[in-house]
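Here are my notes for you, written as numbered points. Keep the structure open beside you while you read.

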Amino acid sequence: MKNILTTLLFVCILSSVNAQSIFGKWKSIDDETGKAKSIIEIYEKDRKVYGKIIEIINKDRANAVCDACKGDKKNQPILGMRIIEGLELEDDMYEGGTITNPENGKVYKCTLKLTEDSDTLRVRGYVAFFYKTQYWKRVE
């Protein structure tokens, strides 16, 4: 009986830790229209956080390229593009990296933070004191 309780407790702890993670798939929601735009996979590599577009919801944009981007992203397909780069955990927020808006090619400083329900991710891009916030929804 003690082993069963220990196992059950361990599973509950793992479930709660997993539920609090930003890693996984997120549906980006346009902050102006409220419509879903794409699915972004957020992952960790070499202790830094990255995110890439793995699905574009609007099928008419499935083959779109980032013609406004600069550098190595110029004219590259948006599908598969890494848009979140180099964030690190600081307290309860990921920061210190960038996010690229493939619609206009602009690169912003970025922070990511889970909301209290842990199924919503606050994504904030900013330049100096000006920022824009989106709330992405977790995809199971």
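1. Let's begin with the rule for aromatic pairs: rings of Phe, Tyr and Trp (its six-membered ring) pair if their centres lie within 6.5 Å, and planes under 30 degrees apart count as stacked, over 60 as edge-to-face and the rest as tilted. By that rule, the count here is two aromatic pairs. One of them joins phenylalanine 23 and tyrosine 94, which sit edge-to-face at 6.2 Å centre to centre, with 70° between the planes. This pair ties together distant parts of the chain, 71 residues apart: phenylalanine 23 is in the loop between helix H1 (2-19) and strand S1 (24-29), and tyrosine 94 is in strand S5 (residues 93-100).

2. A word on where this comes from. You're looking at a predicted model, where local features need pLDDT of at least 70, side-chain atom pairs count only at pLDDT 80 or more, and totals for chains, interfaces and linings use all residues. Residues are numbered from 1 along each chain as its sequence is written, and side-chain values use heavy atoms, with hydrogens and water left out.

3. How covered are the rings of that edge-to-face pair? For this you need three words: buried means under 20% relative accessible area, exposed means over 50%, and partly exposed is in between (1.4 Å probe, protein chains only). Phenylalanine 23 is partly exposed because its relative accessibility is 27%, whereas tyrosine 94, at 14%, is buried.

4. Now the stacked pair: tyrosine 43 and tyrosine 50 lie 5.9 Å apart centre to centre, with 25° between the planes. Tyrosine 43 has a relative accessible area of 23%, so it counts as partly exposed. Tyrosine 50 comes out at 14% and is therefore buried.

5. Next, the overall layout. The chain has one helix and eight strands (helices are DSSP runs of H or I with at least four residues, strands are runs of E with at least two, both numbered from the N terminus). Read from the N terminus, the order is α-β-β-β-β-β-β-β-β. Of the chain's 140 residues, 33% count as buried. The chain exposes about 9400 Å², and carbon and sulfur atoms supply 53% of that (accessible areas come from the Shrake-Rupley method with a 1.4 Å probe, and for residues only the protein chains shown count as cover).

6. Have a look at the largest pocket too. A pocket is found on a 1 Å grid over the protein atoms alone, as an open set of points with protein on both sides within 12 Å along at least five of seven lines; lining residues have an atom within 4 Å of a point. The lining of the largest pocket has 31 residues, and Lys37, Asn101, Pro102, Glu103 and Gln134 lie nearest the pocket's centre. Strand S2 (36-45), strand S3 (48-56), S5, strand S7 (120-127) and strand S8 (130-139) are the elements that give two or more residues to this lining.

7. Which residues does serine 28 touch, not counting those up to four places away in sequence? With contact meaning heavy atoms within 4.5 Å, the list is Lys35, Ala36, Lys37, Ser38, Ile40 and Trp136. Serine 28 itself is in strand S1, and it counts as buried because its relative accessible area is 4%. One of its partners, lysine 35, lies in the loop between S1 and S2 and, at 58% relative accessibility, is exposed.

8. Cysteine 69 is worth finding as well, in the loop between S3 and strand S4 (82-90). It is buried, since its relative accessibility is 2%. Beyond residues up to four places away in sequence, cysteine 69 touches Lys74, Met81, Thr100 and Gly105. Its C-alpha atom is 7.1 Å from that of asparagine 104, although the two are 35 residues apart along the chain.

9. Finally, check two backbone angles. Arginine 47 isn't a glycine, yet it has a positive phi of about 65°; it is in the loop between S2 and S3 and is exposed at 72% relative accessibility. Asparagine 75, also not a glycine, has a positive phi of about 60°. You'll find asparagine 75 in the loop between S3 and S4, where it counts as partly exposed at 44%.

Terms used:
1 Å grid on protein atoms, 1.4 Å probe; cavity = no way out; pocket = protein on both sides within 12 Å on 5 of 7 lines; lining within 4 Å.
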